[in-house]
Amino acid sequence: MTPHIDVEHITLAFAGKHASLTVLDDVSLTLAKGEFVVLLGPSGCGKSTILNLIAGFTPVRQGRILCAGRPVKAPHPSRGMVFQQPNLFPWLSVLDNVTFGARMAGRKKAAADADANAWLDRVGLNGFGQHAPWQLSGGMKQRVALARAWLPDPEVLLMDEPFGALDAQTRMMMQELLRDAWRQTGTTILFVTHDVEEALFLADRILVMSARPGNIVEEVVLPFGRDRDIETLAQAPGYSHIKQQVLHRVRAEARRHML
Ligand SMILES: Nc1ncnc2c1ncn2[C@@H]1O[C@H](COP(=O)(O)OP(=O)(O)OP(=O)(O)O)[C@@H](O)[C@H]1O
């Protein structure tokens with residue numbers, strides 16, 4: 001089967017003041033259509049850089065990236081991005097934040113509003129469309145960011161530690177909400193986190209990266225199926241073993257980074 005996202009032999013260095021910094025060294029990975037893949041790895045190993053390359057924000061210099069068989073050359077609405085900070089426009093209502101991109105792309109307001117309201121409903125924000133961002137909690141703002149990212153019906157969502165700034169309870173609710181939305185839409189997702197339990201709950205497959213220069217050093221296919229209960233997943237056969245395996249690898253790479 002042709003992969004939906006195909007990252008082939010990417011090497012990338014950033015120019016520094018005195019020398020260049022090689023961040024990615026011959027990285028290859030693929031995502032199948034509708035797959036949920038989580039990237040884990042030490043700080044600075046190049047996880048966000050991979051997302052930026054796939055999004056088209058950072059130009060590919062060595063290697064190539066294909067999305068649905070076509071080379072990625074620039075950002076495109078079919079590849080959405082969600083960041084740790086929701087980055088809402090403070091002067092716009094929740095509804096106008098969600099529809100902003102769609103309206104800039106020329107969609108009629110009534111149609112965009114109808115779709116945005118359906119998304120606000122889906123993320124549990126029914127009735128909040130006319131609120132201002134400052135009237136929302138951190139978790140609610142991030143739900144707006146999810147609705148905004150999903151509104152153009154992207155084929156791929158790139159998520160850079162989207163729940164990293166949330167408290168533990170809110171984070172769990174957001175993880176459940178994300179899994180539900182993903183299962184309904186079938187969007188292909190590449191998700192970056194430092195949290196191994198988050199990865200175990202969300203992913204079909206986990207990719208562990210080495211310390212910089214980053215490369216994929218381990219791939220773990222999770223055997224838990226797609227019906228997962230966040231409260232009982234830890235009792236699933238193999239969970240403890242896989243958690244230990246992934247944690248061990250991530251910590252070993254992080255230690256290597258510190259040396
Ligand atoms: N535009 C840029 N110019 C120069 N250096 C950059 C640029 N973007 C990233 N870097 C450097 O590339 C390396 C990898 O950064 P990146 O943000 O991809 O890491 P990360 O794995 O996502 O880290 P973290 O887990 O801490 O968010 C870092 O050393 C960073 O300083």
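This is a working chat about the domains, the nonpolar core and the ligand shell of a predicted model.

Trainee: How is the protein chain divided?
Mentor: Into domain 1, which covers 5-78 + 154-258, and domain 2, which covers 88-153. This is a predicted model.

Trainee: How far apart do the C-alpha centres of the two domains lie?
Mentor: They lie 26 Å apart.

Trainee: And how many residues are in contact between them?
Mentor: On the domain 1 side there are 14, in contact with 12 residues of domain 2. Helix 5 (residues 168-185) supplies the largest share of that domain 1 side, with 7 residues.

Trainee: What classes of residue are on the side of domain 1 that touches domain 2?
Mentor: 12 nonpolar and 2 polar, with no charged residues.

Trainee: Now the core. How many residues has the largest nonpolar one?
Mentor: 68 residues, and L40, I54 and A147 have the most contacts inside it. Helix 4 (residues 138-150) gives the most to this core, with 6 residues.

Trainee: Where does this core lie with respect to the domains?
Mentor: Domain 1 and domain 2 both give residues to the core, so it lies between them.

Trainee: Back to L40. What is it in contact with, leaving aside neighbours within four places in sequence?
Mentor: T193, V196, A199, I206, V208, M209, V246 and V250.

Trainee: Different topic: which residues are around the ligand?
Mentor: F14, V23, G41, S43, G44, C45, G46, K47, S48 and T49. Helix 1 (residues 47-55) provides the largest share of this shell, 3 residues.

Trainee: How does the shell divide by class?
Mentor: Into 6 polar, 3 nonpolar and 1 charged.

Definitions and conventions:
Residues are numbered from 1 along each chain as its sequence is written. This is a predicted model: local features need pLDDT of at least 70, side-chain atom pairs count only at pLDDT 80 or more; totals for chains, interfaces and linings use all residues. A nonpolar core is a set of buried Ala, Val, Leu, Ile, Met, Phe, Trp, Tyr and Cys residues joined through C-beta atoms within 7 Å. A residue is buried if 20 or more other C-beta atoms lie within 10 Å of its own, exposed if 12 or fewer, and partly exposed in between; C-beta atoms are placed from the backbone. Helices (H or I, at least four residues) and strands (E, at least two) are DSSP runs, numbered from the N terminus. Domain bounds come from an automatic or database domain assignment. Two residues are in contact if their C-beta atoms, placed from the backbone, lie within 7 Å. Ala, Val, Leu, Ile, Met, Phe, Trp, Tyr, Cys and Pro count as nonpolar, Asp, Glu, Lys and Arg as charged, and the others, Gly among them, as polar. A residue is near a molecule or strand if its C-beta atom, placed from the backbone, lies within 6 Å of it.
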